[in-house]
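Work through the exercises below with the sequence and coordinates open. Each task is followed by a solution in steps.

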Amino acid sequence: MNHATPSAESPSPSIPDRPGLEGLEDHWDSNWEQWGTYRFDRTVERSQVFSIDTPPPTVSGSLHVGHVFSYTHTDTIARYQRMSGREVFYPMGWDDNGLPTERRVQNYFGVRCETSLSYDPTFKAPEDAGDSQAINKRGNIDVSRRNFIELCHILTAEDEQAFETLFRRLGLSVDWTQNYTTIDERCQRSSQRAFLRNLAREEAYQIEAPSLWDVTHRTAVAQAELEDRERPGAYHRLTFHLSDGASGPDGSNDLHIATTRPELLAACVALVAHPDDERYQSLFGSRVTTPVFGVEVPIKAHQLADPDKGTGIAMICTFGDTTDVTWWRELDLDVRAIVSRGGRIIPEPPHGIESQSGREAYARLAGKTMFSAQAEIVEILRETGELVGEPEPISHPVKFFEKGDKPLEIVTSRQWYIRNGGRDPGLRAALIARGDEIQWHPAYMQTRYTNWIDGLNGDWLISRQRFFGVPIPLWYPLDSGGEIDHDHPIIPTEANLPVDPSSDTAPGYDEAQRGQPHGFVGDADVMDTWATSSLTPQIACGWEEDDDLYSRTYPMDLRPQAHDIIRTWLFSTAVRSHFEADAAPWGHCALSGWILDPDRKKMSKSKGNVVTPIDLLDQYGSDAVRYWAANGRPGTDTAFDDGQMKIGRRLAVKVLNASRFALGFGAETDTALAINPEAITQPLDRAMLLGLANLVEEATKAFDHFDYARALERTETWFWTFTDNHVELVKNRAYEGDEAGAESARHALRLALSTLLRLFAPFLPFVTEEVWSWWRGGSIHRQTWPSADELRSAALHADAAEQSVDPAVAEVAAAALAEIRRHKTTEKRSLATPVISCTLTDTPERLALLRLVLDDVVAAARATHIDLAEGAALSTYVELEPSESKPASD
């Protein structure tokens with residue numbers, strides 16, 4: 001496959017008089033697409049392929065500058081690998097299923113999904129879509145699940161096109177023929193296939209158990225989707241009553257419990273203290289009566305109880321938090337659930353509340369939200385005299401769904417899980433060992449992966465009570481009474497995937513039997529978006545869809561991603577690959593940090609502090625924005641700084657102007673602007689090339705370790721030294737020197753320019769492609785990465801070998817010129833001011849090197865002669881031409 005431009009041969013040089021950055025992005029993106037510059041060649045053997053598991057961005061509105069930051073990091077690595085000879089498989093996916101898309105569709109179209117409605121094939125998207133005022137005036141329209149999903153597809157298609165346009169503008173070297181969406185038919189088929197295989201191998205299971213529940217979105221939530229938020233609360237000290245003859249630590253027959261959730265008092269099933277807490281050891285095994293409701297509950301011992309928290313003894317409620325779940329399970333306690341899926345107290349009191357007063361008190365709580373129920377139970381406790389003192393205000397962390405706005409509750413529900421080592425020490429150890437098969441960049445990030453696995457307290461909950469997602473591909477038979485038999489699910493064949501049990505008929509039944517005795521029902525849930533995103537390597541590589549592509553690309557070489565989703569995307573992908581392929585899904589993981597706002601807070605859509613990138617790209621240009629992004633070190637959080645973008649634009653402009661200048665030497669006679677290493681004979685030119693060879697080695701080593709930021713830092717530093725010192729030192733010789741000296745300067749400049757353009761190409765793809773097109777054929781992004789050995793060969797070839805050269809020659813010459821220029825600056829004179837007398841003092845060793853290049857220093861200093869004197873360190877005596885006869889400023 002020919003990836004080059006229509007002609008890979010060098011064209012006739014065409015150097016513009018006034019080069020600029022404007023319009024480069026559209027021009028070169030169009031050419032790259034026409035030429036297929038970044039198309040993957042699937043005839044290449046696996047050993048030559050570098051495959052990237054590109055993060056599929058969530059399609060729910062617009063990209064922000066954080067995407068520009070992390071995707072630029074990946075692109076620099078892709079471009080380096082491509083130039084280093086690897087065939088890069090760089091697909092793009094769009095994560096368009098899940099809650100963010102649902103919410104956007106609900107708000108944009110003004111609709112609400114009503115699962116009881118039948119599909120309406122005549123339904124059209126509302127004409128007032130996007131008009132919030134009109135939608136508020138008319139109210140939401142109820143639509144069927146299938147109609148709702150169709151609206152999701154309409155909106156995500158628009159968003160995906162906008163995302164692609166921006167990513168092209170940024171210069172991502174993605175193969176845009178290799179893309180997917182996580183809700184398309186292929187992805188649904190892959191996701192359902194993987195689930196069914198997990199089920200067949202007993203890696204997936206369904207149980208009815210306590211699960212974290214978001215009351216706003218009415219869905220179960222996985223451990224990985226939690227976040228702690230600091231919230232105000234209060235300790236309420238409640239009085240429990242011991243059985244006759246028992247006494248508490250204070251000698252009375254009362255026990256005081258400090259709790260932040262008195263509204264769950266009706267759900268209390270036990271009290272618990274640490275087994276070593278001497279205050280309560282005599283009470284273990286006895287019973288107490290709860291305040292208000294008068295229910296007898298046992299007193300238990302458990303290691304998780306904290307003697308220093310509150311009064312040292314806690315009430316166990318079903319369920320207040322995940323610790324309650326642990327205690328309930330390990331102590332084999334009853335269930336007295338009182339919280340509905342809507343986050344309100346259920347109407348009927350749980351078993352155990354039998355007294356008239358208890359039931360009347362419960363009736364005052366029924367139907368209330370948690371906030372209102374807490375206020376009411378506090379009032380009731382005051383009335384019964386069982387509240388000790390007044391609530392003590394505190395601030396404490398509370399569990400939230402990362403996309404939710406109300407504290408999570410724990411409710412009992414039937415959910416699907418995939419085993420992840422949370423309850424299986426052997427599987428936990430195996431998944432931790434998978435981390436050892438991956439090279440982490442930076443290396444310390446592996447500890448976060450390991451710590452997350454070690455801290456798991458349950459398996460991965462994958463079912464969600466939402467509408468837009470990949471359906472759980474199962475149906476269930478109904479018995480003669482119409483009850484669901486969850487133990488014998490009806491399973492489709494893989495050949496029939498994907499399926500939607502809410503609209504597709506179960507195998508062996510007809511649609512008339514849906515919901516009828518001896519008939520069937522479809523599983524109403526969808527899979528968590530991570531359940532599909534965890535399969536991005538399999539999806540991108542064509543698992544069970546394209547065996548040839550899969551064999552050339554899987555396991556993948558690189559997973560780039562943000563460090564904060566190690567616990568979700570990275571770990572879940574490792575779990576799926578462990579089960580399906582018995583291997584780690586990639587060889588390398590490269591972690592990016594966050595973008596921080598001026599207050600050093602993470603930028604995110606939910607916080608409302610994001611910066612959209614399109615204005616930045618318009619103002620500074622794509623190369624400048626990429627420059628800022630690439631300066632962010634792997635795994636390190638970076639502050640948003642448009643000042644860095646200004647520096648990046650200045651660098652891009654300098655590349656244009658320095659290139660035009662360097663290529664202008666001899667262009668009128670050497671029309672091909674060829675590079676002939678044998679013509680490079682002068683010591684300063686050869687020393688420069690040896691220094692450049694060292695730079696190539698540094699940049700290559702940095703890229704091989706995925707440290708793109710260091711590669712850019714070293715290249716940029718060397719480039720400015722090259723333009724400020726070397727070009728100034730040799731330009732007189734290049735213009736006016738004898739033939740051999742001029743040819744040496746010109747060919748060395750061209751070789752250096754060719755090398756520097758290729759070193760900059762991963763970071764500044766547009767300006768480097770522009771300059772390359774002036775005098776070279778093919779795309780720079782399909783050229784060979786520079787070779788340090790080739791540069792050393794050019795510096796040390798046979799014709800020049802009769803005089804050895806030390807790379808320090810270049811530094812000595814630059815230091816001498818800088819000293820003379822410093823004197824001119826101190827005297828407030830132009831750098832073009834002629835020097836009529838100069839003595840330069842330095843050590844004998846450095847003077848020996850300087851003598852090799854003294855003619856170049858004399859010419860660059862505008863001197864007629866420079867005397868040399870030995871001394872301990874570099875110093876100069878400079879006499880300038882009198883100011884009244886000084887030439888015009890350059």
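**Exercise 1. Confidence**

Task: State the mean pLDDT of the protein chain and find where pLDDT stays under 50.

Solution.
- Step 1. This is a predicted model, and the mean pLDDT of its protein chain is 91.
- Step 2. A pLDDT of 70 or more is reached by 96% of the residues.
- Step 3. Over residues 1-6, pLDDT stays under 50. For this stretch the model has 17 contacts beyond four places in sequence.

**Exercise 2. Overall description of the chain**

Task: Describe the protein chain by its secondary structure, box, burial, contacts, surface and charges.

Solution.
- Step 1. Count the secondary structure: the protein chain has 26 helices and 29 strands.
- Step 2. Take the box along the principal axes: the C-alpha atoms fill roughly 110 × 70 × 55 Å.
- Step 3. Of the 890 residues in the protein chain, 55% are buried.
- Step 4. Consider the contacts with a separation of 6 or more: 79% of them come from residues 24 or more positions apart.
- Step 5. The exposed surface of the protein chain is about 36900 Å², and carbon and sulfur atoms supply 47% of that area.
- Step 6. The protein chain has 88 positive and 134 negative charges, and the mean positions of the two sets are 3 Å apart.

**Exercise 3. Backbone exceptions**

Task: Locate the cis peptide bonds at Phe319 and Pro555, and the positive phi values at Val292 and Arg862.

Solution.
- Step 1. Set the reference: a negative phi is found in most residues other than glycine, and most peptide bonds are trans.
- Step 2. Thr318 and Phe319 are joined by a cis peptide bond with omega about 5 degrees. Phe319 sits in the loop between strand 14 (313-317) and helix 7 (322-330).
- Step 3. Tyr554 and Pro555 are also joined by a cis peptide bond, here with omega about -5 degrees. Pro555 belongs to the loop that runs between helix 14 (547-553) and strand 23 (556-562).
- Step 4. Val292 has a positive phi, near 70 degrees. Its loop lies between strand 12 (287-289) and strand 13 (296-301).
- Step 5. Arg862 has a positive phi too, near 60 degrees. This residue is placed in the loop between helix 26 (854-860) and strand 28 (867-870).
- Step 6. Assign burial. Val292 has a relative accessibility of 12%, so it counts as buried, given the limit of under 20%. Arg862 has a relative accessible area of 38% and is therefore partly exposed.

**Exercise 4. Cysteines**

Task: How many disulfides does the structure hold, and why is Cys187 not bonded to the closest cysteine sulfur?

Solution.
- Step 1. The structure holds zero disulfides.
- Step 2. For Cys187, the closest cysteine sulfur is that of Cys541, at 12 Å. The cut-off for a disulfide is 2.5 Å between the sulfur atoms, so the distance of 12 Å is too far for a bond.
- Step 3. Repeat the search from Cys541: the closest cysteine sulfur is in Cys187, again 12 Å away and too far for a bond.
- Step 4. Check the surroundings: Cys187 is buried at 0% relative accessibility, and Cys541 is buried with a relative accessible area of 0%.

**Exercise 5. Three residues in helices**

Task: Is Thr536 buried or exposed, which residues does Thr536 touch, and where are Arg189 and Phe163?

Solution.
- Step 1. Thr536 is part of helix 13 (residues 536-541). Its relative accessible area is 0%, so Thr536 is buried.
- Step 2. Leave out residues up to four places away in sequence. Thr536 then touches Asp53, Pro56, Tyr180, Arg559 and Trp569.
- Step 3. Arg189 is in helix 6 (residues 185-200). With a relative accessible area of 18%, Arg189 is buried, since the limit is under 20%.
- Step 4. Beyond its neighbours within four places in sequence, Arg189 contacts Leu497, Pro498 and Glu545.
- Step 5. Phe163 is in helix 5 (residues 145-170) and counts as buried at 2% relative accessibility.
- Step 6. Phe163 and Pro57 are 106 residues apart along the chain, while their C-alpha atoms are separated by 8.9 Å.

Definitions and conventions: Residues numbered from 1 in each chain as written. Predicted model: local features only at pLDDT ≥ 70, side-chain atom pairs only at ≥ 80, totals over all residues. Heavy atoms only, no water. Helix = DSSP H or I, 4+ residues; strand = E, 2+ residues; numbered from the N terminus. Buried < 20%, exposed > 50% of the residue type's maximum accessible area, 1.4 Å probe, protein only. Contact = heavy atoms within 4.5 Å. pLDDT = per-residue confidence, 0-100. Areas by Shrake-Rupley, 256 points an atom, 1.4 Å probe, with all protein chains shown as cover. Lys, Arg positive; Asp, Glu negative; His and termini not counted. Charge placed at Lys NZ, Arg CZ, Asp CG, Glu CD.
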